[in-house]
Amino acid sequence: MSAPHTDVEQVELANTAFYETLEQGDFEELSSLWLTPSDLGQDEEYHDPAQAGEISCVHPGWPVLNGRGEVLRSYALIMANTEYIQFFLTDVHVSVTGDTALVTCTENILSGGPPPEDSDELGPLVGQLVVATNVFRRTSDGWKLWSHHASPVLAETDEDEPDDPTP
């Protein structure tokens, strides 16, 4: 087992790699960052999901996705339908206990959709604030994602504030 500060640094690097890979739209690399049954010494063809650390993912507004097929398919869809995405992570906190690590952070996301018809320009850019929890598991190949859960942060609007504040 490595020193605690080294574990934290390695988990931070794995977390950063996850977001950078999403920004680059590199599906093959993204797939390699997620835990597989073989990472835990399980048979790839047959394994008990409860014992094999089955991966899971919750995107903002989506139901829970379980298993490599569902999780990776969701990222393929996101990558295919997102022209541009950039993550600015804030409030990053890493906690490591044994072979499991928990990362919480705020994803400040800037994304753009498809370009307007007959144009090479990016579609309109949209900002979004999301809080995320990423769970990593130590493997012989380093730290790999076990679970990602992201939830939108509801922004306050002027309508939320009273018209006549009382002293």
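**Exercise 1. A residue in an edge strand**

Asp 91 is found in strand E3; helices (H or I, at least four residues) and strands (E, at least two) are DSSP runs, numbered from the N terminus. This is a predicted model, in which local features need pLDDT of at least 70 and side-chain atom pairs count only at pLDDT 80 or more, whereas totals for chains, interfaces and linings use all residues. Residues are numbered from 1 along each chain as its sequence is written, and side-chain values use heavy atoms, with hydrogens and water left out.

Task: state what is notable about the phi of Asp 91, and decide whether Asp 91 is buried or exposed.

Solution. Begin with the backbone: most residues other than glycine have a negative phi. Asp 91, although it is not a glycine, has a positive phi of about 55°. Next, apply the accessibility classes, in which buried means under 20% relative accessible area, exposed over 50%, and partly exposed in between, with a 1.4 Å probe and protein chains only. Asp 91 counts as exposed because its relative accessibility is 60%.

**Exercise 2. The order of elements and strands**

Task: establish which pattern the protein follows along the sequence, and in which order its strands form the sheet.

Solution. The protein has three helices and six strands, and along the sequence these follow the pattern α-α-β-β-α-β-β-β-β. In space, the six strands form an open sheet of mixed pairing, in the order E2-E1-E6-E5-E4-E3, where two strands count as paired if DSSP finds at least two bridges between them. The edge strands, each pairing on one side only, are E2 (65-66) and E3.

**Exercise 3. From E3 across to E6**

Task: determine how many bridges join E3 to E4, E4 to E5 and E5 to E6, and name bridge partners that fix the register.

Solution. Start with E3 and E4, which run antiparallel and are joined by 12 bridges. Within this pair, Tyr 84 has Gly 112 in E4 as its bridge partner, and Gln 86 has Leu 110 in E4. The hairpin of E3 and E4 has two residues between the strands, and Gly 98 there takes a positive phi near 60°. Move on to E4 (residues 100-112) and E5 (residues 125-139), which are antiparallel and share 13 bridges; here Ile 109 stands opposite Gln 128 in E5. Finish with E5 and E6 (residues 142-152), whose antiparallel pairing extends over 10 bridges, with Ser 147 in E6 as the bridge partner of Val 135. The hairpin that joins E5 to E6 passes through two residues.

**Exercise 4. The two sides of H3**

Task: work out why the end-to-end distance of H3 agrees with its number of residues, and where its buried residues lie around the axis.

Solution. The expected span of a helix is 1.5 Å times one less than its number of residues. For the 14 residues of H3 this gives 20 Å, and the end C-alpha atoms are 20 Å apart, so the two values agree. The buried residues of H3 are Val 71, Leu 72, Ser 74, Tyr 75 and Met 79. They lie on the same side of H3, because they cover an arc of only 150° around the axis, the arc being that of the directions from the helix axis to the C-beta atoms. The face of H3 turned away from this buried side carries the exposed residues Arg 73, Ala 80 and Asn 81.

**Exercise 5. The largest pocket**

Task: describe the volume of the largest pocket, the residues closest to its centre and the classes in its lining.

Solution. On a 1 Å grid over the protein atoms alone, a cavity is a set of points where a 1.4 Å probe fits but cannot get out, while a pocket is an open set with protein on both sides within 12 Å along at least five of seven lines, and lining residues have an atom within 4 Å of a point. Grid points are joined across faces, edges and corners, and a volume is the space filled by probe spheres set on the points. The largest pocket has a volume of about 430 Å³. It is lined by 24 residues, of which His 59, Ile 78, Thr 82, Ile 85 and Phe 87 are the closest to its centre. H1 supplies the largest share of this lining, five residues. By class, the lining comprises 14 nonpolar, seven polar and three charged residues, where Ala, Val, Leu, Ile, Met, Phe, Trp, Tyr, Cys and Pro count as nonpolar, Asp, Glu, Lys and Arg as charged, and the others, Gly among them, as polar.
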